[in-house]
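Reader: I have a model to go through before setting up any calculations. Can we take it question by question?

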Amino acid sequence: MIIDKAEVIVTSPDRNFVTLRLTTDDGVVGIGDATLNGRELAVVAYLKEHVAPLLLGADASRIEDMWQFLYRGAYWRRGPVTMAAIAAVDMALWDIKGKAAGMPVYQLLGGASRDGLMAYGHASGKELPEIFDSIRAHQEKGFKSIRVQTGVPGLKAIYGIASQAADTGDASVRYDHEPARRGAKPTQEDWDTRAYLRHIPTVFEAVRNEFGPELPLLHDGHHRMTPLQAAKLATSLEPYDLFWLEDCTPAENQEALRLVRQHSTTPLAIGEIFNTVWDYKQIIQEQLIDYVRSAVTHTGGISHMKKLMDFAALYQIKSGFHGPTDVSPVGMAAAMHLGLAIHNFGIQEYMQHGERTNQVFRQTFTWGDGYLHPGDEPGLGVTLDVDEAGKYPYEQAYLPFNRLADGTVHDW
Ligand SMILES: [Mg+2]
């Protein structure tokens, strides 16, 4: 079980993905996701130049030791590039260990704590009829829990509204499903927090009236509010019984969430841009959130996320792992294995990859009746088709950004 090959494979079937592929001297192959949306090549360089040479000749069975070596040994800690690179190594080693043991990774993590993973999808629309149609379309696809994002009167383009693709005149841009746009520069959108805060309760009132009280509804505030505005948002949505309100304010200022908590019982989810358990220390200990939003891909892999979730469990905080389409099928599989095994699983975000992506990454997970399951293939259950991956070279692509009416850059 000695690592004798470490390859970094970049492919762009529907969007860019970075995959680390390790091969042992006895021929076992493991893969890990290292995709960092819009900054992919930074992780490629980190892996190729600084990590791959260290992996060659190492014992593939020593997952924890390798994690600590890459984290502590580098001296420079945390940060999305470092933690995505470590995550890819960690996932690939768990994949190898599962294959060597003849078991799916969730069995190695203690076995299944449930039959399947409740997953939510992304409904959106500029106006109510479109939103209703989008919710119904998700229900027809089997989703039992649904995130709702809405246009705001007076704003032309807002992140997370799928139907904006029609306005671009470019049918190949599937906005929201593939939010990064290919090109040399990011696209500019607009924002007005006061208009949003006025409009959003009317949308959730209408959705509740149309779909009834039982449907779990989620909403993403995308870091756009000040602490006081976040408290106002959480309070105004309280009558509509959200499953969670996500990223109501930028969580770098963690004590800001105390203000939100003082005013509202709307459940809060935060953390998709966090990288380590230390980023969560205060908000977990003070019970300022209800759901951990990290992706396995961006938070140091399965080993580190298991520790994070065990820490969260002490405070009855559950998982709500990040699952946008820029987390590759490998990263999604890692999230599913971990989510199936831990006791404090909450919900899994599930955006569904495009068909070309599914051809590059052959997967064994199942989806039905609102639930995901990673399958029972040994390892993570995902195979990278290198020939298929080679058909889609990297293309520069960026997430959008926002400016307010006066030109000020804002959280998008
Ligand atoms: Mg989000």
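Reader: Start with Arg147. Is Arg147 buried or exposed?
Author: This is a predicted model, and the values here are computed from it. Buried means under 20% relative accessible area. Arg147 has 4% relative accessibility, so Arg147 counts as buried.

Reader: Which strand holds Arg147?
Author: Arg147 is part of a strand that covers residues 145–150. That strand is S5.

Reader: Which side chain joins that of Arg147 in a polar contact of 3.3 Å?
Author: The buried Arg147 has a side-chain partner. The contact joins two side chains at 3.3 Å. The partner of Arg147 is His122.

Reader: How far apart are the C-alpha atoms of Lys232 and Arg147?
Author: Lys232 sits in helix H8, residues 227–237. Lys232 is exposed, at 55% relative accessible area. Along the chain, Lys232 and Arg147 are 85 residues apart. Their C-alpha atoms are separated by 20 Å.

Reader: Now the metal. Which residues are the protein donors of the magnesium ion?
Author: The donor atoms are of the OD and OE kinds. They lie 2.0 to 2.3 Å from the magnesium ion. The protein donors are Asp220, Glu246 and Glu272.

Reader: What is the spacing of the donor residues of the magnesium ion in sequence?
Author: The donors are Asp220, Glu246 and Glu272. Written as a pattern, their spacing is D-x25-E-x25-E.

Reader: How many residues apart are Asp220 and Glu272?
Author: Asp220 is in strand S8, residues 217–220. Glu272 is in the loop between strand S10 (268–270) and helix H10 (281–285). The pair links distant parts of the chain, and the separation is 52 residues.

Reader: Why does Glu272 count as buried?
Author: The cut-off for buried is under 20% relative accessible area. Asp220 is buried, with a value of 2%. Glu272 counts as buried because its relative accessibility is 13%.

Reader: On to the strands. What is the strand order of the open sheet of three strands?
Author: Pairing in this sheet is mixed. The edge strands are S7 (188–190) and S20 (409–410), and each pairs on one side only. S7 and S19 (residues 401–403) pair in the parallel sense over three bridges. The order is S7-S19-S20.

Reader: Which residue in S19 stands opposite Glu189?
Author: S7 and S19 run parallel where they pair. Opposite Glu189 stands Asn402.

Reader: Through which helix does the chain cross from S11 to S12?
Author: S11 (residues 291–292) and S12 (residues 318–321) run parallel, joined by two bridges. Val292 has Ser319 as its bridge partner in S12. The β-α-β crossover between these strands is right-handed, and it passes through helix H11 (residues 301–313).

Reader: And which helix carries the chain from S12 to S13?
Author: S12 and S13 (residues 347–349) are also parallel, with two bridges. Phe321 stands opposite Gln348 in S13. This β-α-β crossover is right-handed, through helix H12 (residues 329–341).

Reader: Which residues share polar side-chain contacts of 3.3 Å with Asn37?
Author: Asn37 lies in the loop between strand S3 (29–33) and helix H1 (40–55). Asn37 counts as buried, at 15% relative accessibility. One contact joins Asn37 to Arg15, and another joins Asn37 to Asp326.

Reader: Which residue has its backbone oxygen 2.5 Å from a polar atom of the Thr202 side chain?
Author: Thr202 is found in helix H7, residues 193–211. Thr202 counts as partly exposed, at 41% relative accessibility. The backbone oxygen belongs to His199.

Reader: Last, the whole chain. What is the radius of gyration of the protein chain?
Author: The chain holds 14 helices and 20 strands. The globule rule gives 22 Å for 412 residues. The chain comes close to that, so it is as compact as a globular protein of that length. Its radius of gyration is 21 Å.

Reader: Among contacts between residues at least 6 apart in sequence, what share joins residues at least 24 apart?
Author: The C-alpha atoms fill a box of roughly 60 × 50 × 40 Å along the principal axes. Of the 412 residues, 59% count as buried. The share of those contacts is 72%.

Technical notes
Residues are numbered from 1 along each chain as its sequence is written. This is a predicted model: local features need pLDDT of at least 70, side-chain atom pairs count only at pLDDT 80 or more; totals for chains, interfaces and linings use all residues. Side-chain values use heavy atoms; hydrogens and water are left out. Donors are N, O and S atoms within 2.8 Å of the metal (3.2 Å for Na, K and Ca); water is not among the atoms, so sites may look incomplete. Helices (H or I, at least four residues) and strands (E, at least two) are DSSP runs, numbered from the N terminus. Buried means under 20% relative accessible area, exposed over 50%, partly exposed in between (1.4 Å probe, protein chains only). Two strands pair if DSSP finds at least two bridges between them. A polar contact is a pair of N or O atoms within 3.5 Å; within protein, one must be able to donate a hydrogen and the other to accept it, and residues adjacent in sequence count only if both atoms are side-chain atoms. A crossover is right-handed if, with the strands pointing away from the viewer, the path from the first strand over the helix to the second runs clockwise. The radius of gyration is taken over C-alpha atoms; the globule rule is 2.2 Å times the number of residues to the power 0.38. Contact means heavy atoms within 4.5 Å.
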